[in-house]
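Here is a short report on a single structure. Have the sequence and the model open while reading.

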Amino acid sequence: MTKQNIQSRQSWLITGFIFAILWPSAATATKVALKDAQPLVVAVFRFGIAAVIMLSVSHFILKNRLPQRKEWRQLAIYGLLNIAVYLGMYVVAMKEVTASVGALTVAASPVFISFLSLIFLKKPMNPRILLALLVCISGFVMVAWPLFADASVTARGLTLLMASMFSYALGTIYFTSRKWEGLHLLTINGWQTLLGGVFLLPFMLLTYKSGSNLFSAGFWAGTLWLALPVSIAAVLLWLKLIKQDAVKAGLWLFLCPIFGIIIAAVLMRDQISLFTIGGLAMVLAGLGISHYDKKLSTPME
């Protein structure tokens, strides 16, 4: 093996491990921010910060072109599905579920995407995908089951969380089915994030309670982590991985729920029980069964 090949392999491993840690850390960061702020306040601040940074880099540093004509409509629809509805519901749901459950659900996103692609992309009905979805959902319920007793997880929170994943899947399918005429990915991600935040802003203002938002160090730590390492860094690392090898890149998604549960246990003191281990095993089995479509599993959070 040449020196160049060794360096390339080392770069691949480092990139993959960092991605697998950053991506599922969103659940714990959300829980940290929610301790001192309302869900939609966290969401709007996160999207605003991430969007300003991405658009500034894209248009002022990289000199990428602005979206044109129908691209604005596509960005608005994508931002509605992938930011306003998906992450809006997600952050509300995280108020009523543990970080471990949140991390598991996000890690299983390829299964939701594969399932909805059967419907919206008119792919042949595949019993394997239906089984994968059932196995993953059963895994979520298994992890959450002992937590219903002390209200660490509620039925409403778990339902909202799964509904949010269907919106994410729809957004991803919409993104892959549209022509973007060479529009830079950073531009797409920046504008869809900004537009999604704008769609959420009226709801934030209508539900805003000044006494529930302390804007403490915890709020800023959680929100900035969501905006920078998750919304920007993790996405760029994922794009780098799939550019090198889309098939092998998908394998890193199997580490995401494992790291997500470890992070939640260390920082949020989430309990790792036999239910947690069993649920994790079922989610990983669901991912394996689905043999998800690599082109549709790109995180664009």
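How many cavities of 30 Å³ or more does a search of the whole structure find? The search finds two. The model is predicted.

## The largest cavity

The largest cavity holds about 50 Å³ of space. Its lining is made up of Thr30, Val42, Ala43, Arg46, Phe47, Leu87, Tyr90, Val91 and Leu226. Two elements, α3 and α4, give two or more residues to this lining. Helix α3 supplies the largest share, with four residues.

Two of the lining residues, Thr30 and Tyr90, return below. Thr30 is among the buried residues of α2. Tyr90 is part of an aromatic pair.

## An enclosed helix

Helix α2 covers residues 25-34. Nine of its ten residues are buried, so the helix is largely enclosed by the rest of the structure. The buried residues are Ser25, Ala26, Ala27, Thr28, Ala29, Thr30, Lys31, Ala33 and Leu34. Note that the list includes a lysine, Lys31.

## Aromatic pairs

The model has 19 aromatic pairs. One of them joins Tyr86 and Tyr90: the ring centres are 6.2 Å apart and the planes stand at 50°, so the pair is tilted. Both residues lie in helix α4, residues 70-93. They are four residues apart, about one turn of the helix. In general, an α-helix has 3.6 residues a turn, so residues three or four places apart point the same way. Tyr86 is buried, with a relative accessible area of 1%. Tyr90 is buried too, at 2%.

Tyr86 also pairs with Tyr168. Here the centres are 4.9 Å apart and the planes are again at 50°, so this pair is tilted as well. Tyr86 sits in helix α4 and Tyr168 in helix α8 (residues 155-176), so the contact ties together parts 82 residues apart in sequence. Tyr168 is buried, at 1% relative accessibility.

Elsewhere, Phe45, Phe215, Phe219 and Trp220 form one aromatic cluster.

## A nonpolar surface patch

Trp220 belongs to that cluster and also to a nonpolar patch on the surface. The other patch members are Ile53, Leu224 and Leu228. Together the four have about 300 Å² of accessible area.

Which helix gives the most to the patch? Helix α10 (residues 217-244) does, with three residues. Ile53 is placed in helix α3, residues 39-61. Ile53 is partly exposed, at 34% relative accessibility. Helix α3 is also the helix with the largest share of the cavity lining.

## Salt bridges

The count comes to two salt bridges. In one, the side chains of Arg65 and Glu71 meet at 2.9 Å, N to O. Arg65 is partly exposed, with a relative accessible area of 31%. Its partner Glu71 is buried, at 4%.

The other bridge joins the side chains of Glu96 and Arg156, at 2.1 Å, N to O. Glu96 lies in the loop between α4 and α5 (99-107) and Arg156 in helix α8, so the pair ties together parts 60 residues apart in sequence. Glu96 is buried, with a relative accessible area of 15%. Arg156 is exposed, at 55%.

## Links to helix α8

Two contacts described above involve helix α8. Through Tyr168, helix α8 is tied to helix α4. Through Arg156, helix α8 is tied to the loop between α4 and α5.

How values were computed: Residues are numbered from 1 along each chain as its sequence is written. This is a predicted model: local features need pLDDT of at least 70, side-chain atom pairs count only at pLDDT 80 or more; totals for chains, interfaces and linings use all residues. Side-chain values use heavy atoms; hydrogens and water are left out. Rings of Phe, Tyr and Trp (its six-membered ring) pair if their centres lie within 6.5 Å; planes under 30 degrees apart count as stacked, over 60 as edge-to-face and the rest as tilted. Buried means under 20% relative accessible area, exposed over 50%, partly exposed in between (1.4 Å probe, protein chains only). Patches are made of residues with over 30% relative accessible area and no salt bridge: like charges are joined within 9 Å, nonpolar side chains (Val, Leu, Ile, Met, Phe, Trp, Tyr) within 5 Å. Accessible areas come from the Shrake-Rupley method with a 1.4 Å probe; for residues, only the protein chains shown count as cover. On a 1 Å grid over the protein atoms alone, a cavity is a set of points where a 1.4 Å probe fits but cannot get out, and a pocket is an open set with protein on both sides within 12 Å along at least five of seven lines; lining residues have an atom within 4 Å of a point. Grid points are joined across faces, edges and corners, and a volume is the space filled by probe spheres set on the points.
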